[in-house]
Amino acid sequence: MKAVSIKEPGGPEVLEWTEAEDPTPAAGEVVIDVVASALNRADVMQRQGLYPLAPGTSPYPGLEVSGRISSLGPGVTGRRVGDEVCALLTGGGYAQRVAVPAGQLLTVPKGVGLVEAAGLPEVTATVWSNLVMTAGLKEGETLLVHGGMGGVGTTAIQIAKALGARVVTTVGGPEKAERARELGADAAIDYRTEDFAEHGPYDVILDVIGGAYLERNIRSLAADGRLVVIGLQNGFEGQLNLADLVFKRISVYGTTLRTRSAEQKADIVGEVQRHVWPMIERGAVRPLIDRSVPMAEAAEAHRLMEAGGHVGKILLVND
């Protein structure tokens, strides 16, 4: 088979479409013939050498795929060769085949194409695990989503609205603000000209930016507010006033999906299948795909992501 390798840390040009060893399924795993994968910020960080991999993790990037099961490992039940699925991965999705624990498989939602489904597992699992399982977002609360036009942001807006929350998001420019409102956001703040902290207070903040926003995030939270940091696009360090944490009883969570155990991921995937898939199938949440790029041209897809003009997910498609 072929896969996208990272020859050394660096820019998009270090990604190469090369020959790779075919995966074989271990006990409890299946092998998927990959139809499509999708880009995530963690892939960019891995390419740059900023995302250390746990022992045993595939060296190839890619945290989600869609495709057809081509073989079953020992002990796998309830799945058959030929089943169309999508899957949450620890890595290895930028390839023609990938092995994945059966507990991390999802059906393809009704009304969603197989290619399109590649853009669902990582964002839905990220959003549900952080907004609901970690932050406990409830109906009637106000959520602030940073980076509202990325894959996570567009999904978070829709899921939060389906839960009955009021949603505010930060975006770059008036056109993206309009797109955010079309997705259901109650307010869209252009971070280039407005300070999101002045539009609070917020009950929950989902942050992909990191250190640069830490102080303002804490300042703009309501009493008993929850900040969930899931990305570090603009800084690993920040300053905060501890008095705000103490007197407003604020909780701060730092989470990542990739480093969770297979058992934890299976629990999250099960929650997503039970709660988010019905939202998708009734039209309350829909995958937002910016464009599809051939898998062999992954370097170009990374350039597009880093340029920042995309809305929703960028997919990598195998011929």
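Reader: Where in the chain does G200 lie?

Author: In this predicted model, G200 sits in the loop between β10 and β11. P201 is found in that loop too, with β10 covering residues 187-190 and β11 covering residues 202-207.

Reader: What kind of peptide bond joins G200 and P201?

Author: It is a cis peptide bond, and its omega is about 5°.

Reader: Why is G200 called partly exposed?

Author: Let's put the value beside the cut-offs. G200 has a relative accessible area of 32%. Buried means under 20% and exposed means over 50%, with partly exposed in between. The 32% of G200 falls between those two limits, so G200 is called partly exposed.

Reader: What is the separation of the C-alpha atoms of G200 and L144?

Author: Those two C-alpha atoms are separated by 8.5 Å, while the residues are 56 residues apart along the chain.

Reader: What about L15: why does L15 count as buried?

Author: The value for L15 is 10% relative accessibility. The cut-off for buried is under 20%, so at 10% L15 counts as buried. You can find L15 in strand β2.

Reader: Which residues is L15 in contact with, leaving aside its neighbours within four places in sequence?

Author: They are V4, S5, I6, R47, A298, A299 and H302. For each of them, contact means heavy atoms within 4.5 Å. For E141, 126 residues apart from L15 along the chain, the C-alpha separation is 42 Å.

Reader: A298, A299 and H302 came up just now. Which residues of helix α8 are buried?

Author: In α8, residues 298-307, the buried ones are A298, A299, A301, H302 and M305.

Reader: Why are they said to be on the same side of α8?

Author: The key value is the arc they cover around the axis. That arc is only 160°, which puts them on the same side of α8. What covers these buried residues includes β1 (2-6), β2 (15-19), α1, β14 (289-294) and β15. After α8 comes G308, whose phi is positive, near 85°.

Reader: Which residue in strand β12 has a phi near 65°?

Author: That is D224, which has a positive phi although it is a residue other than glycine. Its strand, β12, covers residues 221-229. R249 also has a positive phi, near 55°, and lies in the loop between α6 (242-248) and β13 (251-254).

Reader: Why do D224 and R249 count as partly exposed?

Author: D224 has 40% relative accessibility, and R249 has 48%. Partly exposed lies between the 20% and 50% limits, so D224 and R249 both count as partly exposed.

Reader: What makes a set of residues a nonpolar core?

Author: The residues must be buried, belong to a list of nonpolar types, and be joined through side-chain atoms within 4.5 Å. Here the largest nonpolar core has 50 residues, and those with the most contacts inside it are L131, L143, V272 and W277. The largest share of this core, 7 residues, comes from α7. Apart from it lies another core of 26 residues, among them V30, V44, A87 and L89.

Reader: Which residues does L143 touch, not counting those up to four places away in sequence?

Author: L143 touches L131, L137, A156, A160, R166, V167, V168, V204, I205 and L206.

Reader: On to the open spaces. What is the volume of the largest pocket?

Author: The volume is about 1100 Å³. The pocket is lined by 47 residues, of which R41, V208, I209, G231 and Q233 lie nearest its centre. α2 gives the most to this lining, with 5 residues.

Reader: How do the residues of this lining divide by type?

Author: There are 21 nonpolar, 20 polar and 6 charged residues in it. G231 is one of the lining residues, and Gly counts as polar, so G231 goes with the polar group.

Reader: Which residues lie nearest the centre of the second largest pocket?

Author: They are G56, T57, S58, G91 and A99, from a lining of 32 residues. This pocket has a volume of about 580 Å³. β6 gives the most to the lining, with 5 residues. The lining divides into 16 nonpolar, 9 polar and 7 charged residues.

Terms used. Residues numbered from 1 in each chain as written. Predicted model: local features only at pLDDT ≥ 70, side-chain atom pairs only at ≥ 80, totals over all residues. Heavy atoms only, no water. 1 Å grid on protein atoms, 1.4 Å probe; cavity = no way out; pocket = protein on both sides within 12 Å on 5 of 7 lines; lining within 4 Å. Points joined across faces, edges and corners; volume = space filled by probe spheres on them. Helix = DSSP H or I, 4+ residues; strand = E, 2+ residues; numbered from the N terminus. Buried < 20%, exposed > 50% of the residue type's maximum accessible area, 1.4 Å probe, protein only. Arc of directions from axis to C-beta.
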